[in-house]
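I set out to look up a few residues in this model and to record their surroundings. The entries follow in the order in which I made them.

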Amino acid sequence: MNIKGIVKVLEDTQEIGEKGFKKRLIVVTTQEQYPQDIAIEFTGDKTNLLDEIAEGETVDVSINIRGREYNGKYYTSILGWKIETII
């Protein structure tokens, strides 16, 4: 799946735990009749893909949607694995 829009927020890379798990969050605002702010996580070595991206750029993000259950509650994550700027 893909999400196209304008980069609204680009957070710094976070290292979590002793093993150095990395994650980085980007928020993309879609360009639809009713724009949506979509938070997308990049993890591991994919965090480096965001080094060339800046807030305000128009991008096309390839994503996977992940779901999980924990203590009877359900959670959904959107994980990015590719990003390209649109000119």
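I began with glycine 5, which I located in strand β1, spanning residues 2-10. The model is a predicted one, and I read every entry with that in mind.

I then asked whether glycine 5 is buried or exposed. Its relative accessible area is 0%, and because the cut-off for buried is under 20%, I entered glycine 5 as buried.

Next I listed the contacts of glycine 5, leaving aside neighbours within four places in sequence. I found Val28, Thr29, Thr30 and Gln31, and also Glu57, Thr58 and Val59. I also looked up a C-alpha separation: glycine 5 and threonine 85 are 80 residues apart along the chain, and their C-alpha atoms are separated by 9.7 Å.

From that contact list I followed threonine 29, which I placed in strand β3, residues 21-30. Not counting residues up to four places away in sequence, threonine 29 touches Lys4, Gly5, Ile6 and Lys8, together with Pro35, Gln36 and Asp37. With aspartate 37, I noted a polar contact between the two side chains, at 2.7 Å.

I turned last to the nonpolar core. Which residues of the largest one touch the most other members? I recorded Ile26, Ile40, Val61 and Ile83, out of 14 residues in this core. The elements giving two or more residues to this core are β1, β3, β4 (37-43) and β5 (58-70).

For isoleucine 40, I listed the residues touched beyond four places in sequence; among them are Ile3, Ile26, Val28, Val61, Ile63, Ile78 and Leu79. Arg24 and Gly80 are also included in that list.

Note on methods:
Residues are numbered from 1 along each chain as its sequence is written. This is a predicted model: local features need pLDDT of at least 70, side-chain atom pairs count only at pLDDT 80 or more; totals for chains, interfaces and linings use all residues. Side-chain values use heavy atoms; hydrogens and water are left out. Helices (H or I, at least four residues) and strands (E, at least two) are DSSP runs, numbered from the N terminus. Buried means under 20% relative accessible area, exposed over 50%, partly exposed in between (1.4 Å probe, protein chains only). Contact means heavy atoms within 4.5 Å. A polar contact is a pair of N or O atoms within 3.5 Å; within protein, one must be able to donate a hydrogen and the other to accept it, and residues adjacent in sequence count only if both atoms are side-chain atoms. A nonpolar core is a set of buried Ala, Val, Leu, Ile, Met, Phe, Trp, Tyr and Cys residues joined through side-chain atoms within 4.5 Å.
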